[in-house]
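Here is a short tour of a small structure, written for someone new to reading them. Take a look at the picture, then follow along one piece at a time.

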Amino acid sequence: MGGPDFWSVVASGGLNLRTGPSQSANKVAVLHADDVVRNLGCRMVEAQRWCQVQTVTEPKLTGWVAGRFLAEAAEPAR
């Protein structure tokens with residue numbers, strides 16, 4: 001799939017997890033700085049990188065986030 005297995009959120013004010021790769025897609029949840037998410041793949045949409053991710057904590061939520069607010073992360077401890 002390419003890219004790291006995990007990302008860390010680097011948005012200090014929170015990062016919207018959305019139903020699709022668009023700012024107009026519905027919001028599923030808000031991720032916080034230093035949250036770690038599993039990388040499910042990224043793609044370019046309207047000149048912006050969007051990444052599909054899954055939270056590693058329960059409940060496991062899946063959605064899309066703007067890639068510019070992510071940094072490569074190590075696998076979280078279990």
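T55 sits in strand β5. Keep in mind as you read that this model is predicted. Is T55 buried or exposed? Its relative accessible area is 9%, and buried means under 20%, so T55 counts as buried. The T55 side chain also has polar company, and the table lists two backbone atoms that lie at short range from one of its polar atoms.

| Backbone atom | Distance to a polar side-chain atom of T55 |
|---|---|
| oxygen of P59 | 3.2 Å |
| nitrogen of L61 | 2.8 Å |

What else does T55 touch, once you leave aside neighbours within four places in sequence? The answer is L31, V37, K60 and L61.

Two of those names, L31 and V37, come back in the largest nonpolar core. That core has 12 residues in all: W7, V9, A11, L15, L17, A29, L31, V37, C51, V53, V65 and L70. Strands β1, β2 (15-18), β3 (27-31) and β5 each chip in at least two of these residues. If you're wondering about the general idea, nonpolar side chains in soluble globular proteins tend to be buried together.

Now pick out one core member, C51. Skipping residues up to four places away in sequence, C51 touches W7, G41, C42, G63, W64, V65, G67 and L70. Among these, W7, V65 and L70 are fellow members of the core.

Next, the strands and how they line up. Strand β5 covers residues 48-55, and it runs antiparallel to β4, with eight bridges joining the two. One example of a bridge pair is M44, whose partner in β5 is R49. Between these two strands, the hairpin has two residues, and E46 there takes a positive phi near 50 degrees. Strand β4 (residues 36-45) has another partner as well: β1 (residues 6-9) pairs with it, again in the antiparallel sense, over three bridges. Here, S8 has V36 in β4 as its bridge partner.

Off to a loop now. A25 is found between β2 and β3. Is A25 buried or exposed? Its relative accessibility is 16%, and the cut-off for buried is under 20%, so A25 counts as buried. Apart from neighbours within four places in sequence, A25 is in contact with R18, T19 and G20. Try finding W64 too: A25 and W64 are 39 residues apart in sequence, yet their C-alpha atoms are 9.1 Å apart in space.

Finally, zoom out to the whole protein chain. How many helices and strands does it have? There are zero helices and seven strands, so reading from the N terminus you simply get β-β-β-β-β-β-β. With 78 residues, a compact globule would have a radius of gyration near 12 Å, and the 11 Å of this chain agrees with that. The C-alpha atoms fill a box of roughly 35 × 25 × 20 Å along the principal axes. Of the 78 residues, 37% are buried. Among contacts with a separation of 6 or more, 52% link residues 24 or more positions apart. As for the outside, the accessible surface comes to about 4,800 Å², and carbon and sulfur atoms account for 48% of that.

Terms used:
Residues numbered from 1 in each chain as written. Predicted model: local features only at pLDDT ≥ 70, side-chain atom pairs only at ≥ 80, totals over all residues. Heavy atoms only, no water. Pairing = 2+ DSSP bridges. Helix = DSSP H or I, 4+ residues; strand = E, 2+ residues; numbered from the N terminus. Buried < 20%, exposed > 50% of the residue type's maximum accessible area, 1.4 Å probe, protein only. Polar contact = N/O pair within 3.5 Å; in protein donor to acceptor, adjacent residues only side chain to side chain. Contact = heavy atoms within 4.5 Å. Core = buried A, V, L, I, M, F, W, Y, C linked by side-chain atoms within 4.5 Å. Rg over C-alpha atoms; globule rule 2.2 N^0.38 Å. Areas by Shrake-Rupley, 256 points an atom, 1.4 Å probe, with all protein chains shown as cover.
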